[in-house]
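Visitor: I have a model open and would like to understand the words used for it. Could you walk me through them?

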Amino acid sequence: MNNNTFIHKYIRPLINKEDIVVDMTAGNGNDTFFLAQYAKKVYAFDISEEAIRRSKVRCRDHDNISFICDNHINIDHYINEKIRLFIFNLGYLPSSDETRITQADETLTAFDKAYSLLKEKGYIVITFYIGHPGGKDEYYLLKDHINKNRLHIIEAYHQDKIDSPITYFIRKT
Ligand SMILES: C[S@@+](CC[C@H](N)C(=O)[O-])C[C@H]1O[C@@H](n2cnc3c(N)ncnc32)[C@H](O)[C@@H]1O
């Protein structure tokens with residue numbers, strides 16, 4: 001099973017129509033589309049105008065999404081309510097500008113801001129592309145941070161192939 005299929009199956013029972021959730025990297029809109037079906041409201045961030053355009057097309061049948069074209073480190077400029085679940089699907093927009101890839105230091109900042117906006121018993125789902133340029137450094141920085149802060153990883157998913165993505169499911173205690 002690929003990571004995205006696993007992630008969606010895992011998330012499905014964790015959210016319902018009372019929940020507010022955030023896609024921190026909308027990309028092609030696949031995760032936003034998935035979340036919009038089951039949550040009350042979705043905030044969808046992406047730094048790329050092309051990604052926001054693609055996501056709006058993908059999600060055109062849903063009216064419960066706020067699209068935000070900005071760096072996700074600025075999340076606190078847009079959200080001041082408690083969130084049930086965040087999803088980070090790191091890396092770059094497929095078939096686009098591969099230089100606008102997530103940066104480890106920004107991901108760390110965005111992760112901490114997300115964690116502070118998270119409800120008790122809320123979730124952060126974060127996928128690292130360790131085969132991308134800088135992807136391993138990003139993974140090790142975040143992994144170290146998660147361990148040092150004793151955050152609770154309830155599940156980790158990694159296919160048994162070299163450099164395949166790694167997903168952590170974290171629950172706020
Ligand atoms: C792998 S894609 C996301 C795929 C997406 N979740 C989907 O379902 O199609 C990663 C996205 O992160 C975006 N991105 C990179 N750095 C960012 C940042 N600092 N803030 C917000 N988005 C960023 C890229 O523009 C790209 O669209």
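Visitor: What makes the pair between Asp31 and the ligand a polar contact?

Guide: A polar contact is a pair of N or O atoms within 3.5 Å. In this predicted model, a polar side-chain atom of Asp31 lies 2.8 Å from a nitrogen atom of the ligand, so the pair meets the cut-off of 3.5 Å. Asn28 takes part through a backbone N or O atom, 2.9 Å from an oxygen atom of the ligand. For Ile47, a polar backbone atom is 3.2 Å from a ligand nitrogen.

Visitor: How do you know how much of the ligand the protein buries?

Guide: Accessible areas come from the Shrake-Rupley method with a 1.4 Å probe. Taken alone, the ligand exposes 610 Å², and the protein buries 96% of that.

Visitor: Which residues are closest to the ligand, and what makes a residue count as near?

Guide: A residue is near if one of its heavy atoms lies within 4 Å. Around the ligand there are 23 residues, with Thr25, Asn28, Asp31, Asp46 and Asn71 the closest.

Visitor: How are the residues of this shell divided by class?

Guide: The shell has 7 nonpolar, 11 polar and 5 charged residues. Asp, Glu, Lys and Arg count as charged; Ala, Val, Leu, Ile, Met, Phe, Trp, Tyr, Cys and Pro as nonpolar; the others, Gly among them, as polar.

Visitor: What should I keep in mind about the numbers?

Guide: Residues are numbered from 1 along each chain, and side-chain values use heavy atoms, leaving out hydrogens and water. Local features need pLDDT of at least 70, side-chain atom pairs count only at pLDDT 80 or more, and totals for chains, interfaces and linings use all residues.

Terms used. A polar contact is a pair of N or O atoms within 3.5 Å; within protein, one must be able to donate a hydrogen and the other to accept it, and residues adjacent in sequence count only if both atoms are side-chain atoms.
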